[in-house]
Amino acid sequence: MASCCCPDILAWIQNLPPLDEWRTTAMSICICSPNSSNHPSLNLSVTKNPSLSFSIVADFHLPISLWTSKSFKSRSKSSRLLDEETVSRLLSNIIEDVLGYGSNKNNSWLRIPRIDPLANFKDIFALSFHTLTFLILIYEAPADLRSICLTNVKNQLALSQSREASKLLMRILGSNLEEQWMRSVNLAITNWIVELQATGQTLKTPSPLFSYAISTVGLWKVQVYCPVIAMDIDNPSSSSPDERLMFSLNYHQLEGVIQFNYRVVVRERCDIGSLVSEALMTERGVGAAEKHFPSRISLQLTPSLQTNLLSVSVGKSSENPTREIGMEKAIEGGFDAPNSYLSLKVSAAETMTMSLKPWKFEQSVYGYAANLNWFLHDSVDGREVVSSKPSKISLIQPKSWFKDRYSSAYRPFTRQGGVVFAGDEYGESVCWKVDKSALGKTMEWEVKGWIGLTYWPNKHRTFYNETRLLEFRDVLCLTLG
């Protein structure tokens, strides 16, 4: 175990004395210290040579630098070593290096906005620094130091204070950098879990590892990210996946977005994003096309305080499939060569087609809670995918509906493997009626969700199949005008 005093890194940096008061060329603060003297501590150091730079150091007898910042100029004739602008640039440096651990190198045109000192600047700085430390421990730290300190840093990132800071940081960065940030973090978590599994260990992770909810004028939004490898497996197949297939399945993350406007019209997006490049996926795995796909999405929206509620009503669910039955008959007659018998051929054929939407939407209420459910159905026999298994014949049949599922004209997903729902096609609205006395008050709502991801083979020849499940919860607020 490691002792972790959780030092206030920003306060330490802001209170560094001027250079003329330094007695050595470096100053440091402990980030994580083991209880045993046989293990090194993890320190943050600042060095003058002649400009200033920060380093995260494994404090062996001969210290090992695991990360070094850019160089910064110190303030002259001031009681503080760094001014606010320099501290803001240091934060940008930390954010850049977090993003640099991801596999997507094509967003170099995206700029990190300058983060001015705000009321929550301290929390944003702490979140960014802990995230960078987390990545450095996974990729750069010696094994004994990594095993000691990783859990402590992970626990810091799971605190409610860090979660609130993450909402602010993601809004400042914008959607593209948010996605890149989460891919960097979830790629590291995936590598950590793979390393632990190789030695027979397990990692207990929050479910999901990252989610946040925001309320603004006319809009609620819930964002969910989770590495596929961290999701619980539900009723896997008896066959085992080969090593290359396992690589392709593991190195993806779930990316989910749920949006409500104040009339509760739902727009939901659920994507499966790759955590590594296509080249690496092909080299180490069986290609990016072998991955999970969404098979079930369920939401439950519940007002926390129900005193002023009068009723709740939902719109209709999607219609049942229609069947079209047709009969085709044909008679063919003809003569063979002269002096031969008369040949008469009769053929009859019956065809049946079924028009079936791939996704079935259902709405229901329980008390004042509204339940919204989307289920993917097998387009051949109509069974729910999340609760069924494919036959072995269909797994090797090249014309099965789930084969080439990202390129077929009849695919139930986007080319990237995700799915988008909008209220005009899958469900209309949920309506709560409230007493007039509630006008002007703020109501709190709980959003709970369940997402199922299923793997059935796409192009790879295997009998392996599985479904993984994720549950998330967030709270949103609405002021009744």
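At what angle do α3 and α5 pack, and how far apart are their axes? Let's start there this morning, everyone. The angle is about 95°, and the axes of α3 and α5 are 9 Å apart. That makes α3 roughly perpendicular to α5, because angles of 65 to 115 degrees count that way. Before I go on, please keep in mind that this is a predicted model.

So who is touching whom here? On the α3 side we have Asp123, Ile124, Leu127 and Ser128, and they meet Gln161, Ser162, Ala165, Ser166, Leu168, Leu169 and Ile172 in α5. Sorted by type, the residues of this contact between α3 and α5 come out as 6 nonpolar, 4 polar and 1 charged.

Let me stay with one of those residues, Ser128, which sits in helix α3. Is Ser128 buried or exposed? Ser128 counts as buried, since its relative accessibility is 0%. If you set aside the neighbours within four places in sequence, Ser128 is in contact with Leu91, Ile94, Ile95, Val98, Leu169 and Trp181. Do hold on to Leu169 and Trp181 from that list, as both will come back shortly.

Now, α3 has another partner. Helix α3 covers residues 121-139 and helix α4 covers residues 143-157, and their axes come within 9 Å and cross at roughly 155°. The two helices, α3 and α4, are therefore roughly antiparallel to each other, and their crossing is left-handed. From α3, the residues in this contact are Leu127, His130, Thr131, Thr133, Phe134, Leu137 and Ile138. They meet Leu145, Arg146, Cys149, Leu150, Val153, Lys154, Gln156 and Leu157 in α4. By type, the contact of α3 with α4 has 9 nonpolar, 4 polar and 2 charged residues. You may have spotted Leu127 here in the contact with α4; Leu127 also meets α5.

One more helix pair for you. How close do the axes of α5 and α6 come? Helix α5, residues 160-173, and helix α6, residues 175-198, have axes that come within 6 Å and cross at roughly 130°. That makes α5 oblique to α6. Here are the two residues I asked you to remember: the contact is made by Leu169, Met170 and Leu173 of α5, together with Leu177, Glu178 and Trp181 of α6. The split for α5 with α6 is 5 nonpolar, no polar and 1 charged.

Let's leave the helices and turn to strands. Strand β3 runs over residues 41-48, and 6 of its 8 residues are buried, so β3 is largely enclosed by the rest of the structure. What does β3 pair with? Strand β2, residues 26-34, is joined to β3 by 6 bridges, and the two run antiparallel. Within that pairing, Cys32 stands opposite Leu42 in β3. Strand β4, residues 52-59, is antiparallel to β3 too, with 8 bridges joining them. There, Ser45 stands opposite Ser55 in β4, and a hairpin of 3 residues links β3 to β4.

There is also an open sheet to look at. Which order do its 6 strands take? Reading across, we get β8-β20-β19-β11-β16-β15, and the pairing is antiparallel. The edge strands, β8 and β15, each pair on one side only. From one strand to the next, the twist averages 20°. Inside this sheet, β19, residues 442-455, is joined to β20, residues 466-479, by 14 bridges. If you want one pair to click on, the bridge partner of Val447 is Asp474 in β20.

My last stop is Ile229, in the loop between β7 and β8. Ile229 is buried, with a relative accessible area of 7%, so Ile229 falls under the 20% cut-off. Leaving out residues up to four places away in sequence, Ile229 touches Thr190, Ile193, Val194, Gln197, Asn250 and Arg468. Val194 is 35 residues from Ile229 along the chain, and their C-alpha atoms are separated by 8.4 Å.

To close, here is the chain as a whole. We have 9 helices and 20 strands, and 47% of the 481 residues count as buried. For those of you who like contact maps, take the contacts with a separation of 6 or more: 69% of them are accounted for by residues 24 or more positions apart. Thanks for listening, everyone!

Note on methods
Residues numbered from 1 in each chain as written. Predicted model: local features only at pLDDT ≥ 70, side-chain atom pairs only at ≥ 80, totals over all residues. Heavy atoms only, no water. Axes fitted to C-alpha atoms, helices over the stretch in contact; angles between N-to-C directions. Helix = DSSP H or I, 4+ residues; strand = E, 2+ residues; numbered from the N terminus. Parallel < 35°, antiparallel > 145°, perpendicular 65-115°, else oblique. Contact = heavy atoms within 4.5 Å. Nonpolar A, V, L, I, M, F, W, Y, C, P; charged D, E, K, R; others polar. Buried < 20%, exposed > 50% of the residue type's maximum accessible area, 1.4 Å probe, protein only. Pairing = 2+ DSSP bridges. Left-handed = near helix turned anticlockwise from the far one by under 90°.
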